[in-house]
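Me: I'm new to this one, so I'd like to ask how the labels are earned. Could you show me the structure and then take my questions?

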Amino acid sequence: MLEAPFSLGLGSRNEESLTLCYLVHQAGGWLMVDSGYNDRGCYDALCQQLDALGISLRDIRWLVITHYHPDHSGLSALIRAASGARVVLHRDDWNILQSIVGSSEEWNIHGLIPWVKSLGVPPTEIDGFRQMATFGRRLFPMGLDVDVLLQGEENPVGDSGHLRAILTPGHSPGHICIYDQKDKLLFSGDHVLVEITPHISPSHLTSRDQLRQYLAALRKVQHLDVDLVLPAHERPFGHLSRRVDEILDHHSKRLEEVLQSLFGQMLSPWDIAHRVEWDVGRWDQMDATNRVLAVRETVAHLQLLEQRGQVAPVERDGVNLYKLAGDG
Ligand SMILES: [Zn+2]
């Protein structure tokens, strides 16, 4: 296990974050799972750890990226160039990554602001969304070529013959977990983490189906024969099936909470997000970043409730209000 560090500085948030990367020994060389942000300090930290292990970058044959987010994909272009490793990514994430690194500086902005307004976000808070959309673009890999584009639900990866990538969409459309059936290991990326739940982040660019997909993908891995889960954040853990139950439970409570907030009233996602109890603290004390995350998380739950026929949107002056489906 390697630790790829990075200090995030957006608004008032300045947290040290860590991506856990893994090296799997195979006959022909190492297979690496995930990299860190595209940042010099992060790259140097990984190289130092490889040195300490007596592993040369050139011994890395494969670099498998669990999903396109920059804390996982960021260093892939640099590592590929330095090692000759073949980079593996799912096609559904590669499409997004290409649109991010290939577009102009203000990527994601076109269409973002009307979408944010439709959530009922007041004008004074819109900048938080704009900042989040533009922040971090430089942390993605630039000029990356992918050697193996995975498609569909399951694919073998590497040389060992017992690693397979399982498509687990939700946190991102092409997120994969890597299952080692022989050694009973699951490299879970951000799909299953021991304490936090991965952010489900709808936007004007994503499908309206993310939470449903995520919950289905949790069930897909829940009963794999696994002794140890090796996630990309926090720490490894053993209790996969129980942890999946906890996450499923978290989301059913959240769905119920969102539903409760609509009894007798129509509200925008922004207003509903105020009424939800967030683990990071009270709404009025949250910074802009956490508010953005909270509203998007609320939208993900509203979209699932709408699919289930429990809530219905009502458009008022460009804002999507929600009401309970039975209410007139
Ligand atoms: Zn991550």
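Me: Which exposed residues does helix 4 carry on the face turned away from its buried side?

Reply: Those are S99 and G102. Keep in mind that this is a predicted model. Exposed here means that 12 or fewer other C-beta atoms lie within 10 Å of a residue's own.

Me: And what makes us say that the buried residues of helix 4 line one face?

Reply: The buried ones are D92, D93, L97 and V101. Looking down the axis of helix 4, you find them within an arc of 150°, so they line one face of the helix. Helix 2 (70–73) and strand 5 (86–90) are among what covers them.

Me: How do you know that the span of helix 4 agrees with its number of residues?

Reply: Helix 4 (residues 91–102) has 12 residues, and at 1.5 Å a residue it should span 16 Å. Its end C-alpha atoms are 16 Å apart, so the two agree.

Me: Moving on to Y214, why is it called buried?

Reply: The cut-off for buried is 20 or more other C-beta atoms within 10 Å. Y214 has 23 of them, so it is buried. You'll find Y214 in helix 7 (residues 210–222).

Me: What is Y214 in contact with, leaving aside its neighbours within four places in sequence?

Reply: G170, H171 and I200. As for W30, it is 184 residues away from Y214 in sequence and 30 Å away in space, C-alpha to C-alpha.

Me: What makes strand 7 and strand 11 stand at the edges of their sheet?

Reply: They belong to an open sheet of five strands in the order 7-8-9-10-11, with mixed pairing. Strand 7 (154–156) and strand 11 (228–231) each have a single partner strand, so one side of each has no neighbour in the sheet. From one strand to the next, the twist averages 25°.

Me: How do you know that strand 10 and strand 11 pair?

Reply: Pairing takes at least two bridges. Strand 10 (residues 185–189) is joined to strand 11 by four, and the two run parallel. Within this pair, G189 stands opposite P231.

Me: Which residues have the most contacts inside the largest nonpolar core?

Reply: M32, L63, V64, V88, I178 and L186, in a core of 82 residues. Helix 10 (residues 288–307) gives the most to this core, with eight residues. Take V64: not counting residues up to four places away in sequence, it touches L31, V33, V88, V157 and I178.

Conventions: Residues numbered from 1 in each chain as written. Predicted model: local features only at pLDDT ≥ 70, side-chain atom pairs only at ≥ 80, totals over all residues. Expected span 1.5 Å × (residues − 1). Arc of directions from axis to C-beta. Contact = placed C-beta atoms within 7 Å. Core = buried A, V, L, I, M, F, W, Y, C linked by C-beta atoms within 7 Å. Axes fitted to C-alpha atoms, helices over the stretch in contact; angles between N-to-C directions.
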